[in-house]
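Hello,

Here is the structure I promised to pass on to you. Please have it open in your viewer while you read my notes.

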Amino acid sequence: MRQIEMRRVKRGEFFRLANSESAPVWVRDDYNRSSKKFEAYKYDNVNYWSEFKGSRLVYVDFVF
């Protein structure tokens, strides 16, 4: 896995919040201009979403 900032993750790309194979997989969605944060939802449950700062470090380039 490779660690990058949330602002570098493209829309629709998968990422994890922790460097663990058992960590849930998230999908990046739109940028919310009013809160100045990126929206993302869990891959397994699209009704569970959250907002993350652009400086948040996440993990990409993994196989699941």
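Below is what I found, starting with the sheet and then moving to a few single residues. Please keep in mind that this is a predicted model.

**The sheet**

The strands S2, S3, S4 and S5 form an open sheet in the order S2-S3-S4-S5, and their pairing is antiparallel. Which strands stand at the edges? They are S2 (14–15) and S5 (49–52); each has a single partner strand, so one side of each is left without a neighbour in the sheet. As a general reminder, strands of a sheet pair through backbone hydrogen bonds, in either a parallel or an antiparallel way.

Going through the sheet pair by pair, S2 and S3 run antiparallel and are joined by two bridges. In this pair, Phe15 stands opposite Trp26 of S3.

Next come S3 (residues 26–32) and S4 (residues 37–42), which pair in the antiparallel sense over five bridges. If you would like residues to click on, Arg28 has Ala40 of S4 as its bridge partner, and Tyr31 stands opposite Phe38 in S4. The hairpin of S3 and S4 has four residues between the strands, and Lys36 takes a positive phi near 60° there.

S4 is also joined to S5, by four bridges, and these two strands run antiparallel. Ala40 turns up again here, standing opposite Ser50 in S5. S4 and S5 form a hairpin as well, with six residues between them.

**Asp30**

Asp30 lies in strand S3. Is this residue buried or exposed? Asp30 is partly exposed, because its relative accessible area of 35% falls between the 20% and 50% cut-offs. Leaving out residues up to four places away in sequence, Asp30 touches Arg11, Lys37, Phe38 and Glu39. With one of these, Arg11, Asp30 shares a polar contact between side chains, at 2.6 Å. You could also check Lys10: Asp30 and Lys10 are 20 residues apart in sequence, and their C-alpha atoms are 9.6 Å apart in space.

**Arg16**

Arg16 is the residue I would like you to look at next. Its place is in the loop between S2 and S3. With a relative accessible area of 3%, Arg16 counts as buried, because the cut-off is under 20%. Which backbone oxygens lie by polar atoms of the Arg16 side chain? The backbone oxygen of Ala23 lies 3.0 Å from such an atom, and that of Glu21 lies 3.4 Å from one. Apart from neighbours within four places in sequence, the residues in contact with Arg16 are Met1, Glu21, Ala23, Pro24, Val25, Val58, Tyr59, Phe62 and Phe64.

**A nonpolar patch**

Phe64, one of the contacts of Arg16, lies in the segment after strand S6 (57–60). Together with Phe14 and Tyr43, Phe64 also makes a nonpolar surface patch of about 310 Å².

That is what I have for you on this one. Do write back if you would like to go through any of it together.

Best wishes

Methods
Residues numbered from 1 in each chain as written. Predicted model: local features only at pLDDT ≥ 70, side-chain atom pairs only at ≥ 80, totals over all residues. Heavy atoms only, no water. Pairing = 2+ DSSP bridges. Buried < 20%, exposed > 50% of the residue type's maximum accessible area, 1.4 Å probe, protein only. Contact = heavy atoms within 4.5 Å. Polar contact = N/O pair within 3.5 Å; in protein donor to acceptor, adjacent residues only side chain to side chain. Patch = residues over 30% accessible without salt bridge, like charges linked within 9 Å, V, L, I, M, F, W, Y side chains within 5 Å. Areas by Shrake-Rupley, 256 points an atom, 1.4 Å probe, with all protein chains shown as cover. Salt bridge = Lys/Arg side-chain N within 4 Å of Asp/Glu carboxyl O.
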